[in-house]
Amino acid sequence: MRGHLRPNRADHVFGVILVINLLQYAVYTALALAVMLVSGNNLSACVSTAVGARAITMRRAQLLGGVGYSLGITLQGRSMTRAVHLLLPVASEALILEVFAVTVIIFILGKLTRAPISLTMSLVGVLIGASLSSGVAIDRRIVIETVAMWFITPIAAALTAYIAVKANGINAARNPWRRLVVIRLILVILSFTSAYTLGTNTLGFLVALSGYTSTSLMIGVVSAFLGAIALSRGEIRRVGAELYSLRYTPALVTLLSTTLLVEAATLLGVPLSNTQALSSGVFGAALGYRFKYLDIKPFIIIVAGWIITPLLSLGLGYIINIPAH
């Protein structure tokens, strides 16, 4: 009997190791897919204002965004592990894979239906739903902080852009051509910093979900760069054409407010959608110009998406119902 038991035990151990490795590879694959989709889609929120204002070409904007993403994930992405641990205190690789799968499905459905889906809001909703379905206690503080930032950010971004546009109208430049060159340079810089903060927060959140190991970090960096280069062109053109057409000053203030707000959220370890901050900044700038540069209907649809997305994602995360241990 002993001669038969030893091979069976060895086979069992080998089978367990094989399953664990397959799950790990599946998680890494899902991470790469999610990061590529998000980096390609969300680059429009970082560079569309600069491209639309002709401060930078499309190709250079894509390269700039890819570098910004990569640096953001590497230098500050680890700060998002706090949010992941608090929202999903105990997680198996199977559960993480399910969370990635549901998030990617929601994202793809949003793209196909052209519905305003926020990846950050969706991911937070899925994590909360998965934790609740698994009977794991969630730190209420991170939920309160996150929801509070989701309310504060649109108001702060819109108000900042509105005040900046009004102030710019009062203070006319003595040398408009020199001022134009300076603003174009600042637009390019802010496009980079906006991509950097998206890398630290949204993409860092995805990498942190997979454990923020050296392997997941490398996958996140490479996937972010590839997504920015290969999957962003159409979205940059669509967002620039359908949502807004900004002059230099409102483009500058919207990017500046977005960068500062998302960076502040990252320092606090709170997941925040940079598209939420940017859209609100655009709306505030449009108010300063008396709605001349914004169609109000797309913004109303976007706001509705901010409400529906986390609630829908929470429900889907709850349906997952996979034990976290």
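These legends go with a few views of a predicted model, starting with the whole chain and then moving in on one helix pair.

**View 1. The whole chain is built from helices, with zero strands.** If you count them up, you get 12 helices. Walk along from the N terminus and the elements simply read α-α-α-α-α-α-α-α-α-α-α-α. Take contacts between residues at least 6 apart in sequence: 89% of them join residues at least 24 apart.

**View 2. Inside and outside of the chain.** The chain has 325 residues, and buried ones make up 50% of them. As for the surface, about 15500 Å² is exposed. Carbon and sulfur atoms supply 69% of that area.

**View 3. Helix α2 alongside helix α8.** Here we zoom in on residues 58-76, which form α2, and residues 214-230, which form α8. Their axes come within 8 Å and cross at roughly 165°. Angles over 145 degrees count as roughly antiparallel, so that is what α2 is relative to α8. The crossing itself is right-handed.

**View 4. The residues where α2 and α8 meet.** Which residues does α2 bring to α8? On the α2 side you'll find R59, Q62, L63, G65, G66, V67, Y69, S70, I73 and T74. Facing them from α8 are L217, G220, V221, A224, F225, A228 and I229. Sorted by character, the residues of this contact come out as 10 nonpolar, six polar and one charged. The glycines, G65, G66 and G220 among them, go in the polar group because Gly is counted there.

Terms used. Residues numbered from 1 in each chain as written. Predicted model: local features only at pLDDT ≥ 70, side-chain atom pairs only at ≥ 80, totals over all residues. Heavy atoms only, no water. Axes fitted to C-alpha atoms, helices over the stretch in contact; angles between N-to-C directions. Helix = DSSP H or I, 4+ residues; strand = E, 2+ residues; numbered from the N terminus. Parallel < 35°, antiparallel > 145°, perpendicular 65-115°, else oblique. Left-handed = near helix turned anticlockwise from the far one by under 90°. Contact = heavy atoms within 4.5 Å. Buried < 20%, exposed > 50% of the residue type's maximum accessible area, 1.4 Å probe, protein only. Areas by Shrake-Rupley, 256 points an atom, 1.4 Å probe, with all protein chains shown as cover.
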